[in-house]
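The following note sets out several points on the packing of this model for a colleague's consideration. Please read them alongside the sequence and coordinates.

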Amino acid sequence: MANRQDTLGRDTTAKVVAERLRGEIQHGALAPGTRLRQNDVAQRFGVSTTPVREAFAQLQAEGLVRIDPHRGAVVFNPSVDDVLEFYEIREALESLAVAHAIPRLKAEAARDLDALIDRMRRTEDARKWLKLNEQFHLQLYESAGRPRLSTLIDNLRDASAPYIYMFVASRPLSERANEEHQEILDACAKGDAIGAKHAIRAHLRNASRDLAAFLGAKEAD
């Protein structure tokens with residue numbers, strides 16, 4: 001029994017460490033390409049290296065960390081091709097999710113989503129905008145009633161988050177994305193599956209094009 005309790009405690013610790021590191025990566029505190037040393041992370045969080053190693057494995061599965069045979073754990077540093085592939089997969093999955101969400105989307109849920117768009121329009125804080133953006137998409141896809149699909153999308157969006165944050169934080173917030181969110185929601189509220197899928201694809205293609213240009217310019221520096 002004691003061994004089982006130790007395992008449960010270690011698993012919980014690994015999840016907490018992974019959550020803290022995930023947040024730091026997504027918000028830019030740990031930049032792409034940063035080397036994560038097990039001993040340093042363990043000392044910083046006051047834990048042993050075992051849950052840290054397990055946290056690294058979890059983040060690797062999510063696409064946020066790469067395990068390099070020579071350098072150890074390194075925060076994922078995406079290339080332009082990585083961005084385009086992420087968004088190609090997201091486009092297929094999120095189009096599917098929005099099609100399933102339309103018949104299940106209740107009026108109250110639509111009002112909540114509209115309120116999120118309004119809050120996005122009114123904020124000038126990049127971090128708040130990104131959090132609201134995440135809420136909008138995930139709440140919409142939750143209406144699909146496809147938990148496995150939602151988990152896949154959530155993982156892909158988490159893996160995209162670090163470079164989305166870098167891009168959004170590097171310039172004034174654009175109203176275009178807010179208008180695209182409104183187009184997606186309006187189509188969903190009308191029950192227009194074709195229009196909603198077209199809107200979500202256009203939204204993701206615009207984002208992938210902007211991010212690819214941004215990362216391409218950084219690679220050229």
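1. For the classes used below, Ala, Val, Leu, Ile, Met, Phe, Trp, Tyr, Cys and Pro count as nonpolar, Asp, Glu, Lys and Arg as charged, and the others, Gly among them, as polar. The model is predicted.

2. A single cavity of 30 Å³ or more is present in the structure. The volume of the largest cavity is about 40 Å³. Its lining consists of Ile25, Gly63, Leu64, Val75, Phe76, Pro78, Ala159, Pro162 and Tyr163. Eight of these lining residues are nonpolar, one is polar and none is charged. Helix H7 contributes the most to this lining, with three residues.

3. Helix H7 (residues 147-169) also packs against helix H4 (residues 80-101): the two axes come within 10 Å and cross at roughly 145 degrees. The crossing of H4 past H7 is left-handed.

4. On the H4 side, the contact involves Val83, Phe86, Tyr87, Ile89, Arg90, Leu93, Glu94, Leu96 and Ala97. Their counterparts in H7 are Leu149, Leu152, Ile153, Leu156, Arg157, Ala159, Ser160, Tyr163 and Ile164. By class, the residues of this contact comprise 14 nonpolar, one polar and three charged. Ala159 and Tyr163 of H7 thus appear in the contact with H4 and in the cavity lining.

5. How many aromatic pairs does the whole structure contain? The search finds one. Phe76 and Phe86 form this pair in an edge-to-face arrangement, 6.3 Å centre to centre and with 70 degrees between the planes. Phe76 lies in the loop between strand E3 (72-75) and H4, whereas Phe86 belongs to helix H4, so the pair ties together parts that are 10 residues apart in sequence.

6. Two residues recur in these points: Phe76 is also part of the cavity lining, and Phe86 is also part of the H4 contact with H7.

Definitions and conventions: Residues are numbered from 1 along each chain as its sequence is written. This is a predicted model: local features need pLDDT of at least 70, side-chain atom pairs count only at pLDDT 80 or more; totals for chains, interfaces and linings use all residues. Side-chain values use heavy atoms; hydrogens and water are left out. Axes are lines fitted to C-alpha atoms, for helices over the stretch in contact, and angles run from 0 to 180 degrees between N-to-C directions. Helices (H or I, at least four residues) and strands (E, at least two) are DSSP runs, numbered from the N terminus. A crossing is left-handed if the near helix is turned anticlockwise from the far one by less than a right angle, and right-handed if clockwise. Contact means heavy atoms within 4.5 Å. On a 1 Å grid over the protein atoms alone, a cavity is a set of points where a 1.4 Å probe fits but cannot get out, and a pocket is an open set with protein on both sides within 12 Å along at least five of seven lines; lining residues have an atom within 4 Å of a point. Grid points are joined across faces, edges and corners, and a volume is the space filled by probe spheres set on the points. Rings of Phe, Tyr and Trp (its six-membered ring) pair if their centres lie within 6.5 Å; planes under 30 degrees apart count as stacked, over 60 as edge-to-face and the rest as tilted.
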